[in-house]
Amino acid sequence: MNFDDQLQRYFGTPDMDALTPDALAAGIDRMQVDLGLETDQGRRFALWSLLFLLGAAPDIESTFDDPADRDAARDFMDMIDKD
């Protein structure tokens, strides 16, 4: 999943600065629904990662069944926190 494509799909624009609070909330809701329905491991991780960046990611333990995916999510969180 391309980042700009995700923004366009869920928020209707690749420009996050152009979003209203309502549009942001609606896009996050759609992403959370899709995360719950998605079966592809890579797509799930991409959705979760963007939700994490937006401050709306669900708990790692409840999102990822595979311990390797949980470790990758923790590594992603650590990388983001270093900045």
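Student: Why is Arg9 called exposed?

Tutor: In this predicted model, Arg9 has a relative accessibility of 53%. Exposed means over 50%, so Arg9 counts as exposed. You'll find Arg9 in helix H1.

Student: And how do you know that Lys82 is exposed?

Tutor: Same kind of check. Lys82 comes out at 72% relative accessibility, and the cut-off is over 50%, so Lys82 is exposed. Lys82 lies in helix H5. From Lys82 to Asp71 is 17 Å, C-alpha to C-alpha, with their positions 11 residues apart in sequence.

Student: What makes Trp48 buried?

Tutor: The relative accessibility of Trp48 is 1%, and buried means under 20%, so Trp48 counts as buried. Trp48 belongs to helix H3.

Student: Which residues is Trp48 in contact with, leaving aside its neighbours within four places in sequence?

Tutor: Those are Leu35, Ala57, Pro58, Ile60, Thr63, Phe64, Ala73, Phe76 and Met77. As for Ser62, its C-alpha is 11 Å from that of Trp48, and the two are 14 residues apart in sequence.

Student: Which residues touch the most other members of the largest nonpolar core?

Tutor: Look for Phe11, Met31, Trp48 and Leu51, in a core of 16 residues. At least two residues of this core come from each of helix H1 (3-11), helix H2 (21-37), helix H3 (41-53) and helix H5 (67-82). The most come from H3, which gives 4 residues.

Student: Let's turn to the rings. How many aromatic pairs are there?

Tutor: The count comes to 7 aromatic pairs. One of them joins Phe45 and Phe64, a tilted pair with 6.0 Å centre to centre and 40° between the planes.

Student: What makes that pair of Phe45 and Phe64 tilted?

Tutor: Check the distance, then the angle. Ring centres must lie within 6.5 Å to pair, and here they are 6.0 Å apart. Planes under 30 degrees apart would be stacked and over 60 edge-to-face, so 40° falls among the rest, and the pair is tilted. Phe45 sits in helix H3, while Phe64 is in the loop between helix H4 (60-63) and H5, so this pair links distant parts of the chain, 19 residues apart.

Student: Are Phe45 and Phe64 buried or exposed, or partly exposed?

Tutor: They differ in class. Phe45 has a relative accessible area of 23%, which is between the 20% and 50% cut-offs, so Phe45 is partly exposed. Phe64 has 3% relative accessibility, under the 20% cut-off, so Phe64 is buried.

Student: Why is the pair of Trp48 and Phe76 called edge-to-face?

Tutor: There the planes are 70° apart, with 6.3 Å centre to centre. Over 60 degrees counts as edge-to-face, so that's the name for this pair. This pair also links distant parts of the chain: Trp48 is in helix H3 and Phe76 in helix H5, 28 residues apart. Both residues, Trp48 and Phe76, are buried.

Student: Which residues form one aromatic cluster?

Tutor: The cluster is made of Phe45, Trp48, Phe52, Phe64 and Phe76.

Student: Now the helices. Why is H2 called roughly antiparallel to H3?

Tutor: Their axes cross at roughly 150° and come within 9 Å. Over 145 degrees counts as roughly antiparallel, so H2 and H3 get that label. The crossing of H2 past H3 is left-handed. On the H2 side, Ile28, Met31, Gln32, Asp34, Leu35 and Gly36 meet Arg44, Leu47, Trp48, Leu50 and Leu51 of H3.

Student: What makes H1 roughly perpendicular to H3?

Tutor: H1 and H3 pack at about 75°, and their axes are 11 Å apart. The range for roughly perpendicular is 65 to 115 degrees, so H1 and H3 fit. Phe3, Gln6, Leu7 and Tyr10 of H1 make this contact with Ala46, Leu47 and Leu50 of H3.

Student: And how do you know that H1 and H2 are roughly perpendicular?

Tutor: The angle is about 110°, with axes 8 Å apart. That is inside 65 to 115 degrees, so H1 and H2 are roughly perpendicular to each other. Here Arg9, Tyr10 and Phe11 in H1 meet Ala23, Leu24, Gly27, Ile28, Arg30, Met31 and Asp34 in H2. Between the C-alpha atoms of Arg9 and Met31 there are 9.4 Å, and these two are 22 residues apart along the chain.

Terms used
Residues numbered from 1 in each chain as written. Predicted model: local features only at pLDDT ≥ 70, side-chain atom pairs only at ≥ 80, totals over all residues. Heavy atoms only, no water. Core = buried A, V, L, I, M, F, W, Y, C linked by side-chain atoms within 4.5 Å. Buried < 20%, exposed > 50% of the residue type's maximum accessible area, 1.4 Å probe, protein only. Contact = heavy atoms within 4.5 Å. Axes fitted to C-alpha atoms, helices over the stretch in contact; angles between N-to-C directions. Parallel < 35°, antiparallel > 145°, perpendicular 65-115°, else oblique. Left-handed = near helix turned anticlockwise from the far one by under 90°.
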